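Student: I should like to take a close look at a single part of this protein. Please describe the main nonpolar core and the strands around it, and then place that part within the chain.

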Amino acid sequence: MTAASSGASVSQAALADALQTAATRCGRLSDEQVRSLRRRRRSAIGAVATVPVAIGLLFVGANTFVGKPTAPPVSTRMFATRAGERTTVTLADGSTVALNGATRLRVVFADGQRRAELLEGQAFFDVRHDSARPFVVRAGASETRVLGTAFDLDLTRAQVALAVYRGAVGFDPVGRARGVVVRAGYRSTVRGGAAAAPTLFDPVLPDWRKGWIDTAGMRLDDLVEVLDRQGGVRIARPAEPLASTTVFGRFRTDQPHQLLNAIGSGFGFTVIERQGTLTLETAH
């Protein structure tokens, strides 16, 4: 405001001086000439006064743009396979995930976090190490927490099975106290809201990625669900008490009919195929 007042005063004096000089040299100016000089003066003052306003608006706009908070980028991806289909995907951080048949996986990467949710099926995770961003996977009623490791998750109706191939994994029932830490060469399950104590297995032996399964006390209805992912013939879920029968052993998964027949011979059920669906029936 002070600068503007000073400028107006100097301009007024200059105008008066110009009028006096003109009157001395050229005689008295006409009224129209005086008005013309005054109009020029007002235009000049207006232009000078507008510059600080424009500069101020520029800085306000710049501050508004720079200071506006921006949300961290969020990347969400969905992956899915059909029964009988397998695939391996590479995530944005360089981690890889192998998906078994009939599997669905959602992956969300955001600033400071890496999260995934196994919605259905089975997946083998090879996670790139990042100490600043843990990799967390939700599967059914379980949650796994890793920094960088390799592990397998198998989600069925009755349980979530974890097998660790490299590193260590925190394996917790959702909404409960902390579960267990499972290290390489060990596996565990979450069933009924509790995590089982880790047990040894041999990670060198071929797994589902090579067409094998190690049941290790798996329920028969869970085994049927796993075999059903292979595609081809469909398998009906058995009823109780057959469903909760536990099965032990390593089996090939590419011939489910023969496998179930072999298991049935020991547990007293037969495998009947009707219209492309296998049904397990107990002897009456």
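Tutor: The account below starts with the core, follows the strands around it, and ends with the rest of the chain.

The model is a predicted one. The largest nonpolar core contains 28 residues. Within this core, Phe-125, Phe-135, Phe-151 and Leu-153 have the most contacts. Two or more residues come from each of the following elements: β3 (96–99), β4 (104–110), β5 (113–126), β6 (135–139), β8, β9, β10 and β11. The greatest contribution is that of β5, which supplies four residues. In soluble globular proteins, nonpolar side chains tend to be buried together.

Phe-125 gives a convenient view of how the core is assembled. Leaving out residues up to four places away in sequence, Phe-125 touches Thr-96, Val-97, Leu-105, Phe-135, Val-137, Thr-149, Ala-150, Phe-151 and Leu-153.

Strand β5 also holds a charged residue, Arg-114. Arg-114 counts as buried because its relative accessibility is 1%, and the cut-off for that class is under 20%. The side chain of Arg-114 makes a polar contact of 2.5 Å with the side chain of Asp-93. In addition, a polar atom of the Arg-114 side chain lies 2.9 Å from the backbone oxygen of Arg-128. Beyond its neighbours within four places in sequence, Arg-114 is in contact with a number of residues, including Ser-95, Val-108, Phe-109, Val-127, Asp-130 and Arg-133. Phe-135, one of the core residues with the most contacts, is also among the residues in contact with Arg-114.

Strands β8 and β9 come next. Strand β8 covers residues 150–155 and is joined to β9 by six bridges, the two running antiparallel. Together β8 and β9 form a hairpin, with four residues between them. One pair of bridge partners here is Leu-155 and Val-160, the latter in β9. Strand β9, residues 160–166, is mostly covered, with six of its seven residues buried. Strand β9 also pairs with β12 (residues 186–191), in the antiparallel sense and over four bridges. Val-160 takes part in this pairing as well, with Val-190 in β12 as its bridge partner. Val-160 therefore has bridge partners in both directions of this description, Leu-155 and Val-190, and strands of a sheet pair through backbone hydrogen bonds, either parallel or antiparallel.

Strand β10 offers a comparable case. Five of the six residues of β10 (residues 168–173) are buried, so this strand is largely enclosed by the rest of the structure. Strand β7 (residues 142–146) runs antiparallel to β10 and is joined to it by four bridges. In that pairing, Ser-142 has Pro-173 of β10 as its bridge partner. Strand β10 also pairs with β11 (residues 180–183), again antiparallel and over four bridges. There, the bridge partner of Val-169 is Val-182 in β11.

Apart from the main core lies another core, of 18 residues, which includes Ile-213, Val-224, Val-247 and Leu-260. Val-224 is also one of the buried residues of helix α3. That helix spans residues 220–228 and is mostly covered, with nine of its nine residues buried. The buried residues of α3 include acidic ones, among them Asp-221, Asp-222 and Glu-225.

A further region is an open sheet of three strands in the order β17-β21-β20, with mixed pairing. Its edge strands are β17 (234–235) and β20 (269–274), each of which pairs on one side only. Strand β20 is joined by six bridges to β21 (residues 277–282), and these two run antiparallel. Within them, Val-271 stands opposite Leu-280 of β21. Helix α4 (residues 256–267) packs on this sheet and touches β17, β20 and β21, its direction making about 150° with that of β20.

For the chain as a whole, there are four helices and 21 strands. Of its 284 residues, 35% count as buried. Among contacts with a separation of 6 or more, 45% are between residues 24 or more positions apart. The accessible surface comes to about 16200 Å², and 56% of that area belongs to carbon and sulfur atoms.

Note on methods
Residues numbered from 1 in each chain as written. Predicted model: local features only at pLDDT ≥ 70, side-chain atom pairs only at ≥ 80, totals over all residues. Heavy atoms only, no water. Pairing = 2+ DSSP bridges. Contact = heavy atoms within 4.5 Å. Axes fitted to C-alpha atoms, helices over the stretch in contact; angles between N-to-C directions. Buried < 20%, exposed > 50% of the residue type's maximum accessible area, 1.4 Å probe, protein only. Core = buried A, V, L, I, M, F, W, Y, C linked by side-chain atoms within 4.5 Å. Areas by Shrake-Rupley, 256 points an atom, 1.4 Å probe, with all protein chains shown as cover. Polar contact = N/O pair within 3.5 Å; in protein donor to acceptor, adjacent residues only side chain to side chain.
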